[in-house]
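Here is a walk through one protein model, from the sheet outward. Keep the structure in view as you read.

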Amino acid sequence: MLEHFRQQQAQVNGVTINFRHGGEGPPLLLLHGFPQTHVIWHKVADALAKRYTLVMPDLRGYGDSSRLPGLPDHSNYAKREMAQDMVELMRSLGHHSFFLCGHDRGGRVSHRLALDHKDAVRKLMILDISPTRTMYEATDKTFATLYYHWFFMIQPAPVPETLIGNSAAFLLETSLGNWGSNGAKFIDDEAMAEYLRCFCRPDAIHAACEDYRAAASIDLEHDRDHETNKIACPVHVLWGEHGVVGRLFKPLEDWQAKCDQPVTGKAVPAGP
């Protein structure tokens, strides 16, 4: 899987980032979501590599990248830190500006990266999310039911870590099945095995919880200037028309509120 791409590890921003890269053309950084790894891109990477030089990392806390114990304020899993990881990784490869595409948690890292490093991002694509603050501020019973993991995983350690650890494979497979339009059958067996290998270990479960804890705390603090600090580059948004974001939010309007330039995008026929 992704055998056409070179696998490496880089020491950046005080952590080890595992990644694959290859292709021809301008650089494109692809950031995965929860509970996946860079393997999520395996079905599209070969086609994209005909036009772009791809960089596909595991975010800190995921895959084979560093899985650090969380700090009391969760700052080492802030999207600001995770974005800094990615900028330093790209610079280490000679890419000082690049195209950026982020899915789910990777989309949240991409949002912060585009704010903190405006000169680095040529264009941004966001997949299947609205901004974190927007989603939290619109929380109601329906959203909390469908995205229960947002509120479960932010509970103080070791409560979610212990409960998830008792059946991590069940949680992962159930979550991916609930988010797909036909259960988890759309995920290749090899990809699912990789997700299970990387997620079903205590330090990875803790890291994922810290990612969500940061989103509900320090990330919101960093986003206090959201009304004045806007994304400067062109933004394109895609989301599943039957998914939670498509049903409960207005992605184009939500992202337009965060951007200086007109936002483009559309729903695609996907989601449960």
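Which residues point one way from strand 4, and which the other way? This is a predicted model, and strand 4 is a good place to enter it. Thr53, Val55 and Pro57 point to one side of strand 4. Leu54 and Met56 point to the other. In a regular strand, side chains alternate between the two faces of the sheet. Here both sets are buried. Strand 4 covers residues 53-57, and 5 of the 5 are buried, so the strand is largely enclosed by the rest of the structure.

What pairs with strand 4? Strand 2, residues 15-23, pairs with strand 4 in the antiparallel sense over 5 bridges. Within that pairing, Gly22 has Leu54 as its bridge partner. Strand 3, residues 27-31, pairs with strand 4 as well, in the parallel sense and over 3 bridges. There Leu28 stands opposite Leu54. Leu54 therefore serves as a reference point for both pairings: it is the bridge partner of Gly22, it stands opposite Leu28, and it is one of the buried residues that make strand 4 largely enclosed.

Now move along the sheet. Strand 3 pairs with strand 5 in the parallel sense, over 4 bridges. Leu29 finds its bridge partner in Leu100 of strand 5. Strand 5 runs over residues 98-103, and 6 of its 6 residues are buried, leaving the strand mostly covered. Strand 5 and strand 6 are paired too, in the parallel sense over 5 bridges. In that pairing Phe98 stands opposite Val121.

Next, the packing. Nonpolar side chains tend to be buried together in soluble globular proteins. In this model the largest nonpolar core has 61 residues. Leu29, Leu113, Val121, Leu124, Phe199 and Ile231 have the most contacts inside it. Helix 2 gives the largest share of this core, 6 residues. A second, separate core of 14 residues includes Leu2, Trp41, Phe99 and Leu238.

Two residues of the main core deserve a closer look. What does Leu29 touch, beyond residues up to four places away in sequence? Its contacts include Val55 and Pro57, along with Met86 and Met90. They also include Phe98, Phe99, Leu100, Cys101 and Leu113. Val121 lies in strand 6, residues 121-127. It is buried, with a relative accessible area of 5%. Leaving aside neighbours within four places in sequence, Val121 is in contact with Phe98, Leu100, Leu113, Ala114 and Cys233. Val121 and Phe99 are 22 residues apart in sequence, but their C-alpha atoms are 5.8 Å apart in space.

Then come the internal spaces. The structure holds 2 cavities of 30 Å³ or more. The largest contains about 180 Å³ of space. Which residues lie nearest its centre? They are Lys79, Arg108, His111, Thr132 and Asp219, out of a lining of 14 residues. That lining divides into 4 nonpolar, 3 polar and 7 charged residues. Helix 2 (79-92), helix 3 (105-116), helix 4 (132-137) and helix 11 (218-222) each supply at least two of them. Helix 3 gives the largest share, 4 residues.

The second largest cavity holds about 50 Å³. How many charged residues are in its lining? There are no charged residues there, with 5 nonpolar and 4 polar. Pro35, Gln36 and Thr37 line this cavity, as do Gly61, Tyr62 and Gly63. Cys198, Phe199 and Ala204 complete the lining. Phe199 is also among the residues with the most contacts inside the largest core.

Pro35 leads to the backbone. The peptide bond from Phe34 to Pro35 is cis, with omega near 0 degrees. Pro35 sits in the loop between strand 3 and helix 1 (45-48). Another cis bond joins Ala157 and Pro158, with omega about 5 degrees. Pro158 falls in the loop between helix 6 (148-152) and helix 7 (159-165).

Finally, look at two positive phi values outside glycine. His74 has phi near 65 degrees and lies in the loop between strand 4 and helix 2. At 18% relative accessibility, His74 counts as buried, because the cut-off is under 20%. Asp128 has phi of about 65 degrees, in the loop between strand 6 and helix 4. At 28% relative accessibility, Asp128 counts as partly exposed.

Definitions and conventions: Residues are numbered from 1 along each chain as its sequence is written. This is a predicted model: local features need pLDDT of at least 70, side-chain atom pairs count only at pLDDT 80 or more; totals for chains, interfaces and linings use all residues. Side-chain values use heavy atoms; hydrogens and water are left out. On a 1 Å grid over the protein atoms alone, a cavity is a set of points where a 1.4 Å probe fits but cannot get out, and a pocket is an open set with protein on both sides within 12 Å along at least five of seven lines; lining residues have an atom within 4 Å of a point. Grid points are joined across faces, edges and corners, and a volume is the space filled by probe spheres set on the points. Ala, Val, Leu, Ile, Met, Phe, Trp, Tyr, Cys and Pro count as nonpolar, Asp, Glu, Lys and Arg as charged, and the others, Gly among them, as polar. A nonpolar core is a set of buried Ala, Val, Leu, Ile, Met, Phe, Trp, Tyr and Cys residues joined through side-chain atoms within 4.5 Å. Buried means under 20% relative accessible area, exposed over 50%, partly exposed in between (1.4 Å probe, protein chains only). Contact means heavy atoms within 4.5 Å. Two strands pair if DSSP finds at least two bridges between them.
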